[in-house]
Amino acid sequence: MTNKLFEYFKKESLPYPLALYRIGFGILIMFSLVRFASNGWIESLYIEPDFHFSYYGFSWVKPLGIYTYLIFLICFASALFVTIGYKYRYSIVILFLSFTYIELMDKTTYLNHYYLLSCISFLMIFLPCATYFSIDKQENVKIPQWTIDSLKILIVIVYIYAGLAKINSDWLINAQPLKIWLRAKYTIPFIGETLLQKDYSYYLFSWGGMIYDCVIPFLLLYKRTRYFAFFMVIAFHIMTRVLFPPIGMFPYIMIFSCIIFFDNSLHKKILDFIRQFLGLRIKSLEKFTSDINSYAKSRLIIPIVVLFFVFQIIFPLRNNFYQGELLWTEQGYRFSWRVMLIEKAGYTTFKVVDNKNKNFQVVDNMDFLTPFQIKQMSFQPDMILEYAHFLGDTFKKRGFNDVSVFADSYVTLNGRPSKRFIDPKVDLYKQKNDLKHKTWIIPIKDDIKSLL
């Protein structure tokens, strides 16, 4: 077994797949940043709000006022340099750091595909993506096969976890939350007033989505079913883009990423097309020399990549260490590839009490938060707690003594009637903001059966 493993890490491949992936990944990042800026989201999400929700351990990551635009500009420039293969090692590190900084500035904007892009850019730091078709390298050298396979493994992990997470009673038995979302799509031409208003369509989409996520990575890995699988990838993600516009860039990222599963010949054809489009000479016959020894000199690369994948496998399972229903408490929900599983809405108000003078004030959340922040905060317990601490600190500065903060919160999950979410008798200002189980969340009585 050990010998086979050593032999595998000695296998080489032509560099076409990583070269194409580098180009496409850089273009996707640039397009995402331009889209973000053109919609005015830099200002509305990061500059205008007076308060920003932080991830645990990253409270020091904050927007920089008007200089936040500079972070986006640095990220765009590094993505451009990655695309053309200029100073690749420095460029991909800067791209990872700048994009991840943007992602960490406010928890309110969390999306799975932002996290996926950070994971991919981190992995690409340790991959020889600029050995071909780049400004950096002029000689043709082969690359280790495992460097290509590592990107495949990451995509497989994303799909498998997304599929297994859908094996729950809300998704399969109640067809929730798709039943809520699809019913609201009655304006879509041809299918909106017919197909999307039928009960059977909700179960078709629910079961189909689960089966797709669980099966598609294996169909992509198997050569005989690869083209069919890729057709399914395109059809599935285009459909999700049409039905769920807020999903953003995720469909395009997944469609492009799945090209990595194809053989070198397809990647070369695409690269040749790019050459032709740019007016460059197409090289029909190319000789490649072995470079496995020079790449193997860095003994830290493989251990780091292995640890990265160990983390990717274990971290999404951390919800098992918490009590209560995951979809209700969301403890361990983020960064676990649980995609489109919940439709939650909440209404949360806060009362700040001056225990010394027995005075209190009911807070108007609009005084401190944007409408989008209020919407997201109202049903996410860690954000409710962070906001309660912010209110306590704010009212201390205003002259309140021995401050307490209480929340009156009601939340609805996947079409259920609204229920009390936070224990109204608990002083949230005295609760620690840590990773431990939040005992002040009132448990949901419904038993949602799930595999993960």
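Let me start with two residues, Phe-53 and Tyr-387, both of which are buried in what is, I should say at once, a predicted model. The rings of Trp-328 and Phe-421 come next, with their centres 5.0 Å apart and their planes at 90°, and since planes over 60 degrees apart count as edge-to-face, that is the reason this pair is called edge-to-face. Trp-328 sits in helix H16, residues 326-329, while Phe-421 is found in the segment after strand E6 (419-420), so that the pair links distant parts of the chain, 93 residues apart. Like the two residues I opened with, Trp-328 and Phe-421 are both buried.

Now, how many aromatic pairs are there by this rule? The count comes to 38 aromatic pairs. One of them brings me back to my opening residues, because Phe-53 and Tyr-387 form a tilted aromatic pair, at 6.5 Å centre to centre and with 55° between the planes, and a pair counts as tilted when its planes are neither under 30 degrees nor over 60 degrees apart. Phe-53 lies in the loop between helix H3 (41-47) and helix H4 (68-84), whereas Tyr-387 belongs to helix H18 (residues 381-397), and the pair therefore ties together parts that are 334 residues apart in sequence. These two residues also belong to a cluster, in which ring pairs link Phe-51, Phe-53, Phe-350, Phe-368, Tyr-387 and Phe-390.

Let me turn from ring pairs to lysines that lie over rings. Lys-166 is placed over the face of Trp-171, at 5.3 Å from the ring centre, and Lys-351 lies over the face of Phe-360, at 5.4 Å from the ring centre.

A further lysine deserves a moment here, and that is Lys-152, which is found in helix H7, residues 145-165. Is Lys-152 buried or exposed? Its relative accessible area is 16%, and because buried means under 20%, Lys-152 counts as buried. If we leave aside residues up to four places away in sequence, Lys-152 touches Gln-145, Ile-260 and Phe-261.

Finally, I would like to look at helix H12, residues 250-257, which is mostly covered, with seven of its eight residues buried. Which residues of H12 are buried? They are Phe-250, Pro-251, Ile-253, Met-254, Ile-255, Phe-256 and Ser-257. What covers these buried residues of H12 includes helix H2 (16-38), helix H6 (112-124) and helix H11 (226-243), together with H7, the helix in which we have just found Lys-152.

Key
Residues numbered from 1 in each chain as written. Predicted model: local features only at pLDDT ≥ 70, side-chain atom pairs only at ≥ 80, totals over all residues. Heavy atoms only, no water. Phe/Tyr/Trp six-rings, centres within 6.5 Å; stacked < 30°, edge-to-face > 60°. Helix = DSSP H or I, 4+ residues; strand = E, 2+ residues; numbered from the N terminus. Buried < 20%, exposed > 50% of the residue type's maximum accessible area, 1.4 Å probe, protein only. Lys NZ or Arg CZ within 6 Å of the ring centre and 35° of its normal. Contact = heavy atoms within 4.5 Å.
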